[in-house]
Amino acid sequence: MPRSIKKGPFIEQSLYNKITQALQEGGRKPIKTWSRRSTILPDFVGANVMVHNGNKFIPIYVTENMVGHKFGEFAPTRTFKGHAADKRGRR
């Protein structure tokens with residue numbers, strides 16, 4: 001169930017401050033974050049963010065299509081290596 005409209009989207013305050021400051025300065029240096037639960041705002045478009053997936057940081061360039069989604073959606077935590085039946089081959 002989505003978050004209440006009355007409350008508004010959740011954004012980690014420190015992440016919001018870092019991204020807005022980086023965009024104002026015009027720096028292209030990526031911002032590292034562990035906050036996968038933060039919502040992407042329209043203000044973040046054009047930012048370079050590195051989202052942690054539990055193992056390493058995944059680089060993400062924020063575009064208009066990402067607005068309203070969470071950062072964690074763009075940094076998958078599991079790697080799919082195929083089904084076991086496909087590895088054995090079909091007979």
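**Figure 1. Side-chain to backbone contacts of Asn53 in the predicted model.** The side chain of Asn53 comes within 3.0 Å of the backbone nitrogen of Asn55. The structure shown is a predicted model. A second contact of the Asn53 side chain, at 3.2 Å, is made with the backbone oxygen of Pro76. Asn53 belongs to the loop between S2 and S3. With a relative accessibility of 13%, Asn53 is classed as buried, because the cut-off for this class is under 20% relative accessible area.

**Figure 2. His52 and its contact with the backbone of Gly54.** His52 is part of strand S2. Its side chain reaches the backbone nitrogen of Gly54, the distance being 3.1 Å. The relative accessibility of His52 is 18%, so His52 falls in the buried class, which is set at under 20%. Gly54 is located in the loop between S2 and S3. Gly54 is exposed, and its relative accessible area is 63%.

**Figure 3. Gly54 and Thr77, viewed as a pair of C-alpha atoms.** Along the chain, Gly54 and Thr77 are 23 residues apart. In space, a distance of 6.6 Å separates their C-alpha atoms. Gly54, in the loop between S2 and S3, is the residue whose backbone nitrogen is reached by the side chain of His52.

**Figure 4. The salt bridge between Glu12 and Arg37.** The side chains of Glu12 and Arg37 form a salt bridge with an N to O distance of 3.3 Å. Glu12 is situated in the segment before helix H1 (13-25), and Arg37 in the loop between strand S1 (31-33) and strand S2 (48-52), so the pair ties together parts that are 25 residues apart in sequence. Across the whole structure, the search finds 1 salt bridge. Glu12 is partly exposed, at 27% relative accessibility. Arg37 has a relative accessible area of 53% and is exposed, because exposed residues are those over 50%. Side chains of opposite charge can pair when their charged atoms come close.

**Figure 5. A positive surface patch that includes Lys70.** Arg3, Lys6, Lys7 and Lys70 together form a positive surface patch. Lys70 is placed in the loop between strand S3 (57-61) and helix H2 (84-88). The relative accessible area of Lys70 is 32%, and this residue is partly exposed. Lys70 can count towards the patch because residues with over 30% relative accessible area and no salt bridge are considered.

**Figure 6. Asn65 in relation to Val45.** Asn65 occupies a position in the loop between S3 and H2. Its relative accessible area of 69% makes Asn65 an exposed residue. Asn65 and Val45 are 20 residues apart in sequence. The distance between them, C-alpha to C-alpha, is 9.2 Å.

**Figure 7. Gln24 in relation to Ser4.** Gln24 resides in helix H1. Gln24 is exposed, as its relative accessible area is 70%. Along the chain, Gln24 and Ser4 are 20 residues apart. Their C-alpha atoms are separated by 30 Å.

Terms used:
Residues numbered from 1 in each chain as written. Predicted model: local features only at pLDDT ≥ 70, side-chain atom pairs only at ≥ 80, totals over all residues. Heavy atoms only, no water. Salt bridge = Lys/Arg side-chain N within 4 Å of Asp/Glu carboxyl O. Helix = DSSP H or I, 4+ residues; strand = E, 2+ residues; numbered from the N terminus. Buried < 20%, exposed > 50% of the residue type's maximum accessible area, 1.4 Å probe, protein only. Patch = residues over 30% accessible without salt bridge, like charges linked within 9 Å, V, L, I, M, F, W, Y side chains within 5 Å. Areas by Shrake-Rupley, 256 points an atom, 1.4 Å probe, with all protein chains shown as cover. Lys, Arg positive; Asp, Glu negative; His and termini not counted. Charge placed at Lys NZ, Arg CZ, Asp CG, Glu CD. Polar contact = N/O pair within 3.5 Å; in protein donor to acceptor, adjacent residues only side chain to side chain.
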